[in-house]
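Colleague: I am new to this structure and would like to go through it with you. Could we begin once it is on the screen?

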Amino acid sequence: MQRIALGLQYDGTAWHGYQKQESGLTVQDQLENALEKFARVRLATTCAGRTDTGVHALEQVVHFDTTLQRDMHSWVRGVNAFLPPSIAVRWASALEGDPTVNDFFHARFSARARSYHYVLYNNPTRSPLLEGRAGFFFRPLDIALMQQAVQPLLGWHDFTAFRAAQCQAKSPVKLMHDIRIERRGELVVFTITANAFLHHMVRNLVGSLVYVGSGREKPEWLGQLLESRDRHAAAPTFMPDGLYLAKIDYDPKWGLPQDSSSQLPWF
C-alpha cells in the first residue's frame, strides 16, 4: 500500500464547496470521479481543509492510498485529463511508509498551519472582470487602521465571535500566526495564517476589518469582539468571491513539491 499526496488548484465559482454532496457538484466529487476514470478503481481522498461554495484554492492538498504503481507525472497528467478546466492537479508525491502508523503523512492532521488570501476590490464601482474572483467594497478603506486592529488577534484565542453558527469544530480556540493587510492599487489583500480555522472565520474577520477600515468602528473594537465571544456583535459574513485557500504548511521531512502559486501572481 502506498500513500499519494496531490496538490490541487481550483476556481470554486461553479462548485458547491470541496466536500462531497449528493448533487455531485463539488470539487471532491469531480476529483474522485477523475481518479476512478484514470485508475479504473474507486479511490477515497482526504483533504487538508474543506472550502465552501464559491471559495477558490491556490493550494489544496489531498491524499489517498493505493496499491497501483504509477509514475508521479502520470497521476498529474492522467487525472487532469478527466477533470473540468476549473480544477487541476499541480503535483503528485509518493509518501513512503505504513499508512496505518500514526506518524505517517496525513493531509489534514500533518498540516502545521493554513493560510488564506482574501482579495478585495476597493473602488466606487464594481468591476465585472473581477466577478467571482474578488470581493467588493465601494467606500475608501484605511489600511493602517485595519493593521492596527489585528494585533489583539495574534496568538491563542477563542474565536467564537468569528465562528459560523453551523461550525462543527470541537473547539473555537485557535492559534493565529499572522494577519497581513496590504494595498495593491485598487486591490486590498488580506493574508491570514493560523493553525486551523473555524467555519466562515476568515470571511467574518474580513467583514469586521472592513468596518474598521471604513471608519464605522474603531481599531480597538476587534479586540473587544474577540473578548466578547459574541458572533452577533460582529459584522456580517463577507462574500466568498475573494477567498483563496493559499498554502498548507507541512514539515519539510515529507518532501512535498509544493510550489509558489500561493503568491496570487495574476493580481
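Modeller: One term is needed beforehand: a residue counts as buried when its relative accessible area is under 20%. Please also keep in mind that this is a predicted model.

Colleague: Is C167 buried or exposed, then?

Modeller: C167 is buried, because its relative accessibility is 14% and the cut-off is under 20%. C47 is buried too, with a relative accessible area of 12%.

Colleague: How many disulfides does the structure hold?

Modeller: There are zero disulfides.

Colleague: Why does C47 form no such bond?

Modeller: The cysteine sulfur closest to that of C47 belongs to C167, and the two are 15 Å apart, which is too far for a bond. A disulfide would need the sulfur atoms to be within 2.5 Å.

Colleague: Let us turn to the interior. How many residues are in the largest nonpolar core?

Modeller: That core has 78 residues, and L6, W75 and Y250 have the most contacts inside it. Helix α4, residues 201–213, gives the most to this core, with eight residues.

Colleague: Which residues does W75 touch, apart from its close neighbours in sequence?

Modeller: Setting aside neighbours within four places in sequence, W75 is in contact with a set of residues including I4, L6, L35, F38, F64 and A92. T66 and R70 are also among them.

Colleague: What is in the second core?

Modeller: The second core is separate and has eight residues, among them V119, L130, L187 and A246.

Colleague: You mentioned α4. At what angle do α4 and α5 pack?

Modeller: Helix α5 covers residues 220–228, and α4 packs with α5 at an angle of about 145°, the axes being 9 Å apart.

Colleague: Which residues meet there?

Modeller: From α4, S208, L209, Y211 and V212 meet W221, L222 and L225 of α5. By class, this contact has six nonpolar residues, one polar residue and no charged residues.

Colleague: A change of topic: where does T51 lie?

Modeller: T51 lies in the loop between β2 (46–47) and β3 (56–66). With 5% relative accessibility, T51 counts as buried.

Colleague: What is T51 in contact with, beyond its neighbours within four places in sequence?

Modeller: Its contacts are Y10, G17, Y18, Y116 and L245. The side chains of T51 and Y10 are joined by a polar contact of 2.7 Å.

Colleague: And how far apart are T51 and Y18 in sequence and in space?

Modeller: T51 and Y18 are 33 residues apart in sequence, while their C-alpha atoms are 5.2 Å apart in space.

Methods
Residues numbered from 1 in each chain as written. Predicted model: local features only at pLDDT ≥ 70, side-chain atom pairs only at ≥ 80, totals over all residues. Heavy atoms only, no water. Buried < 20%, exposed > 50% of the residue type's maximum accessible area, 1.4 Å probe, protein only. Core = buried A, V, L, I, M, F, W, Y, C linked by side-chain atoms within 4.5 Å. Helix = DSSP H or I, 4+ residues; strand = E, 2+ residues; numbered from the N terminus. Contact = heavy atoms within 4.5 Å. Axes fitted to C-alpha atoms, helices over the stretch in contact; angles between N-to-C directions. Nonpolar A, V, L, I, M, F, W, Y, C, P; charged D, E, K, R; others polar. Polar contact = N/O pair within 3.5 Å; in protein donor to acceptor, adjacent residues only side chain to side chain.
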